[in-house]
Amino acid sequence: MQIRLDKFLADAGIGTRSEVKSIIKRKAVTINGACAAKPEIKISPETDEIAVNGTIVAMRGSVTYLLHKPAGYVCAVKDDRFPTVMELVPQNRDLFPVGRLDKDTEGLLLITNDGGMAHRMLSPRSHVDKTYLAVLGRPAEEAYADLFSVGVDIGDDTPTLPAGLVICDDGSRECEYLPEEYRTYAGSGRVALLTIQEGRYHQVKRMFHAVGNEVIYLKRLSFGALVLPLPLKKGEAILCDPQIN
Ligand code: URA
């Protein structure tokens, strides 16, 4: 299989396609020890040795797991105090979590060794939808949907991007994702689905806080086109194909 040098480097997470083009122009990339002149040059990832600033870029068969993250685990490769999500997937493939969920948040988390894919999924420019199921401290008010649809001030430099809010009634399919202790909350106005296109720190909790409510339970149900399979138990991971996004 032959692919363009710039695509190979972007897929390996070295940078965006335009960033790697300028890295190549700066003559920082070598193919089998010889300086690579053009981004469009074709390489064989399995046999050619590609290096950036002298460091070999490994071609790895990319692998992505879809994990049902349980509460209590941190999204980091290493942590001195808490268990990490890396303990829940095979350990030998240079994997890392695609973005972060808070320690107490559950739900869909991708773990991969595909830097290019992670960059595409997380880039603020990509506007990838993420849907969260939230149990609130008190019933949601109808005004929230309008407020979230234009963006709210959560204390950052800019308001949040428009986000979609649906208050779940007790027949909502998504309520099946609720843990036993919150099942009775369905239909009380305290269970909501929020879809955001950003990934700011504690974003969902801060958005509800900004409208005078609080999140007491949070689970991510989807990331782009990938949906948390209902039968997947907490702590379990399956291989998945993030290219469907
Ligand atoms: N928003 C939050 O507040 N927490 C998460 O873990 C994810 C999104």
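**Notebook: the largest pocket and its ligand**

I looked up the largest pocket first and found that about 530 Å³ of space lies in it. I note here that the model is predicted.

I then listed the lining of this pocket, which comprises 26 residues. Closest to the pocket centre I recorded Arg100, Gly199, Arg200, Tyr201 and His202. Next I assigned the lining to secondary structure: strand S10 (130–136), helix H5 (203–210) and strand S13 (215–223) each give two or more residues. Of the elements, H5 gives the most, with three residues. By residue class, I entered the lining as 11 nonpolar, seven polar and eight charged.

**Ligand position**

Where does the ligand sit? I found the ligand in the largest pocket. Around the ligand I listed Leu101, Asp102, Thr105, Tyr132, His202, Gln203, Val204, Lys205 and Leu218. His202 thus appears in two of my entries, as it belongs to the residues closest to the pocket centre and to those around the ligand. H5 supplies the largest share of the shell around the ligand, namely three residues. I entered the shell by class as four nonpolar, three polar and two charged residues.

**Polar contacts and burial**

Which atoms of aspartate 102 lie 2.7 Å from an oxygen atom of the ligand? I recorded a backbone N or O atom of this residue at that distance. For lysine 205, I likewise noted a backbone N or O atom, 3.1 Å from an oxygen atom of the ligand. At valine 204, a polar backbone atom is 3.1 Å from a nitrogen atom of the ligand. Last, I looked up the ligand's accessible area: taken alone, the ligand exposes 240 Å², and the protein buries 97% of that.

Notes: Residues are numbered from 1 along each chain as its sequence is written. This is a predicted model: local features need pLDDT of at least 70, side-chain atom pairs count only at pLDDT 80 or more; totals for chains, interfaces and linings use all residues. Side-chain values use heavy atoms; hydrogens and water are left out. On a 1 Å grid over the protein atoms alone, a cavity is a set of points where a 1.4 Å probe fits but cannot get out, and a pocket is an open set with protein on both sides within 12 Å along at least five of seven lines; lining residues have an atom within 4 Å of a point. Grid points are joined across faces, edges and corners, and a volume is the space filled by probe spheres set on the points. Helices (H or I, at least four residues) and strands (E, at least two) are DSSP runs, numbered from the N terminus. Ala, Val, Leu, Ile, Met, Phe, Trp, Tyr, Cys and Pro count as nonpolar, Asp, Glu, Lys and Arg as charged, and the others, Gly among them, as polar. A residue is near a molecule or strand if one of its heavy atoms lies within 4 Å of it. A polar contact is a pair of N or O atoms within 3.5 Å; within protein, one must be able to donate a hydrogen and the other to accept it, and residues adjacent in sequence count only if both atoms are side-chain atoms. Accessible areas come from the Shrake-Rupley method with a 1.4 Å probe; for residues, only the protein chains shown count as cover. A molecule sits in a cavity or pocket if more than half of its atoms lie within 2 Å of its grid points.
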